Amino acid sequence: MSDIAISPDTALLGAGDTQQFTVSGGVAPYSWSTGNRAVASIDAAGLLTGVGAGTTIVTVTDATGVFISTGDITVRVVNVAPETATVIIGDTLSFSANGGAAPYTWAVSDANVASIDANGVLTAIAVGTLQVTATDADGFVGSSADITVSDNHIIVITPNTARVGRFGSLQFSATGGPGPYTWSLSNRNAGTIDANGLFRAGRLQTTTTVIAVDADGHQGVSGTIRVTEEGEGRRR
């Protein structure tokens with residue numbers, strides 16, 4: 001019986017990348033496996049494909065049951081955050097990367113829409129859509145999904161004005177920005193508003209405005225919301 005050997009013994013690759021493994025010695029046919037299929041898979045010909053970040057091993061077994069395993073096979077995934085965003089022309093947005101070997105080199109897919117500096121700070125230039133990429137010290141690349149540059153960002157709150165009876169409730173909604181929205185009142189004595197935009201009036205007859213802030217920090221403000229005597233609640 002001849003010794004069995006596997007090559008390479010270690011490997012570093014990215015998710016979606018492939019690495020061919022070979023075997024010598026032993027008795028054909030051979031079967032291949034990985035220690036963690038969430039990290040990498042390998043086919044019947046010894047071709048390994050990176051799946052997700054982590055470390056695994058490759059094992060090959062010959063027809064007589066003799067097997068040998070590699071050392072660490074590492075799959076690296078570079079993550080870029082935020083993954084998606086909307087930025088107004090002239091505004092900036094900071095990006096970060098993890099999962100790779102620092103330092104990272106930053107780039108954008110369309111320099112006419114936005115620029116990005118060595119620290120990952122993007123500056124919006126013109127209306128459009130682009131992706132942000134970060135390349136780590138070993139050449140592994142991570143990319144954002146679509147980053148949208150807009151020339152306007154108006155958060156519209158519905159209803160804009162309303163009358164609500166004391167201890168009554170009214171549902172508000174917001175459009176114009178990326179969710180989720182954070183809700184608040186300009187006058188806390190008017191009542192409360194929950195995370196879903198449901199306003200509950202208090203006991204005092206007073207006025208307030210409703211404020212909605214989108215996921216990018218842009219704010220919309222309603223018109224006047226009046227808390228009145230019970231039974232007077234109506235929208236307008």
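Let's start with strand 16 and strand 20, which covers residues 132-135: these two run antiparallel and are joined over 4 bridges. To pick out one spot, Ala-107 has Thr-133 in strand 20 as its bridge partner. Please keep in mind throughout that this is a predicted model.

Now let's widen the view a little. Strands 16, 20 and 21, in that order, make up an open sheet of 3 strands with antiparallel pairing. Which strands stand at the edges here? They are strand 16 (105-108) and strand 21 (141-143); each has a single partner strand, so one side of each has no neighbour in the sheet. On average, and ignoring direction, neighbouring strands in this sheet are turned by 20° against each other.

Where does that sit in the whole chain? The domain assignment gives domain 1 (5-76), domain 2 (78-150) and domain 3 (156-228). The C-alpha centres of domain 1 and domain 2 are 34 Å apart. As for contacts, 5 residues of domain 1 touch 7 residues of domain 2.

There is also a database record to compare with. An unreviewed UniProt entry carries the annotation "domain: BIG2" over residues 2-72, 74-145 and 151-224. Taking residues 74-145 from that record, the chain there is 0% helix and 51% strand, and the end C-alpha atoms lie 25 Å from each other.

Let's move along the chain to another sheet. This one is open too, with 3 strands in the order 25-29-28 and antiparallel pairing. Its edge strands are strand 25 and strand 28 (191-193), and each of them pairs on one side only. The average turn between neighbouring strands of this sheet is 15°, direction ignored. Strand 28 and strand 29 pair antiparallel over 3 bridges, and if you look for Thr-192, you will find it opposite Arg-200 in strand 29.

Arg-200 comes up again when we visit a glycine. Gly-168 lies in the loop between strand 24 (162-165) and strand 25. Which residues does Gly-168 contact, leaving aside its neighbours within four places in sequence? The answer is Phe-199, Arg-200 and Ala-201. Compare Ala-195, 27 residues away from Gly-168 along the chain: the two C-alpha atoms are separated by 17 Å.

Phe-199 brings us to the aromatic rings. How many aromatic pairs are counted in this model? The count is 2. In one of them, the ring centres of Phe-172 and Phe-199 are 6.4 Å apart and the planes meet at 80°; because an angle over 60 degrees counts as edge-to-face, that is what we call this pair. This pair links distant parts of the chain, 27 residues apart: Phe-172 is in the loop between strand 25 (169-171) and strand 26 (173-175), while Phe-199 belongs to strand 29 (residues 198-201).

Are these two rings on buried or exposed residues? Phe-172 has a relative accessible area of 2%, and since buried means under 20%, Phe-172 is buried. Phe-199 is at 0% relative accessibility, so Phe-199 is buried as well.

Finally, Tyr-181 and Trp-183 also form an aromatic pair, with 6.4 Å from centre to centre and 50° between the planes, and this pair is tilted. Both Tyr-181 and Trp-183 are buried.

To look back for a moment: we met an antiparallel sheet in the order 16-20-21, another in the order 25-29-28, and 2 aromatic pairs. Thanks for listening!

Key:
Residues numbered from 1 in each chain as written. Predicted model: local features only at pLDDT ≥ 70, side-chain atom pairs only at ≥ 80, totals over all residues. Heavy atoms only, no water. Phe/Tyr/Trp six-rings, centres within 6.5 Å; stacked < 30°, edge-to-face > 60°. Buried < 20%, exposed > 50% of the residue type's maximum accessible area, 1.4 Å probe, protein only. UniProt positions renumbered as here; feature names shortened; annotations may be inferred. Pairing = 2+ DSSP bridges. Axes fitted to C-alpha atoms, helices over the stretch in contact; angles between N-to-C directions. Domains from an automatic or database assignment. Contact = heavy atoms within 4.5 Å.
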